[in-house]
Every structure is written in structure tokens, then in C-alpha cells.
Amino acid sequence: MDQTQQKQDALFWTDVIKNVTPLEGKEKLAPPSFPKRLTVISKETTELKKELDLHGLTIQEAYETTKRFLLIHQKRGSLKVHVITGKGLNSHGLIKREIEFWLETPDFRSVISSYKWENGGGSLLIMLKRIKK
């Protein structure tokens, strides 16, 4: 199974776990193993991690993963998330160079209200727009 399919499966399972109530006397669903970037953190409720690490992804994978990540968090009502591009300070990695262009496209502008570089330029703090009900 390729990385893109694994990510799609991870997002699917996250939604399944969120929306399924176990039968009386049955255990909660356990998600399959997720890639580190999409780790599910178990607390009282299951929530998707609010940090996305783009290390090791191709430009296309990073674009698609970032878009899906932001849409899911906007849908869930998150106000802010972190996206780690790496290559902070004075270095300029390929994803780091491209991500600001992505964030200015209509697909992303409909989801984010603002963003700023943090950690010496190695990660973005992204503020999400609320969905009007």
C-alpha cells in the first residue's frame, strides 16, 4: 500500500472512530496503525493531532496532505494548527518555498484566516476560518 493510500485510510478511520458508537458490552474500535504524521491521540475522546509534519513528502503529497489536514480540522472546529516544513532559519527547502503560494490559492484561502512562520521559519502556525452554520 502506497503512502497516499495509507493517509486516506488513516483519515477514513479517524472519521469512523469519531462517528461510531460500539454495541453495548463491546470494545471501542481500534484504528489500524497510522503513519506518524497522522497519529491519533487517545484521551477521553479520540482527536486528530493538530500538527502536521511534511518531512519526507514529495511536493504533490505535501500539497494534498496539507489541504486535507486543514479541511478536516476546519470541519472539526479547530482554531489553529501547526504545519512543520523544516528547513528553518536561513535555509529554504522546496516545500517551505512552495507552501506560501499554496496558502494564497482559493482552495486554501477558503479554509485559513491567517498564518505566520514560527520556530525560526521551520513551521507555520495556521489560523483556520470557522464554518458558518
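This is a short exchange about a helix pair and a cavity in a predicted model.

Colleague: Why is α2 called oblique to α3?

Modeller: The axes of helix α2 (residues 59-75) and helix α3 (residues 94-103) cross at roughly 45° and come within 11 Å. Angles under 35 degrees count as roughly parallel and 65 to 115 as roughly perpendicular, so an angle outside these ranges and not over 145 is oblique. That makes α2 oblique to α3. The crossing of α2 past α3 is right-handed.

Colleague: Which residues make the contact?

Modeller: From α2 come Ile59, Ala62, Tyr63, Thr66 and Leu70. From α3 come Leu94, Ile95, Glu98, Ile99, Trp102 and Leu103. To count as a contact, heavy atoms must lie within 4.5 Å.

Colleague: How do these residues of the contact of α2 with α3 divide into nonpolar, polar and charged?

Modeller: Nine are nonpolar, one is polar and one is charged. Glu counts as charged, and Tyr and Trp count as nonpolar.

Colleague: How many cavities of 30 Å³ or more does the structure hold?

Modeller: Two. The second largest cavity holds about 50 Å³ of space.

Colleague: What makes that space a cavity and not a pocket?

Modeller: In a cavity a 1.4 Å probe fits but cannot get out, whereas a pocket is open.

Colleague: What lines the second largest cavity?

Modeller: Thr4, Lys7, Glu61, Glu64, Thr65 and Arg68. The elements giving two or more residues to this lining are α1 (3-19) and α2. Four residues, the largest share, come from α2.

Colleague: How does the lining of the second largest cavity divide into nonpolar, polar and charged?

Modeller: Four of its residues are charged, two are polar and none is nonpolar. Glu, Lys and Arg count as charged.

Note on methods:
Residues numbered from 1 in each chain as written. Predicted model: local features only at pLDDT ≥ 70, side-chain atom pairs only at ≥ 80, totals over all residues. Heavy atoms only, no water. Axes fitted to C-alpha atoms, helices over the stretch in contact; angles between N-to-C directions. Left-handed = near helix turned anticlockwise from the far one by under 90°. 1 Å grid on protein atoms, 1.4 Å probe; cavity = no way out; pocket = protein on both sides within 12 Å on 5 of 7 lines; lining within 4 Å. Points joined across faces, edges and corners; volume = space filled by probe spheres on them.
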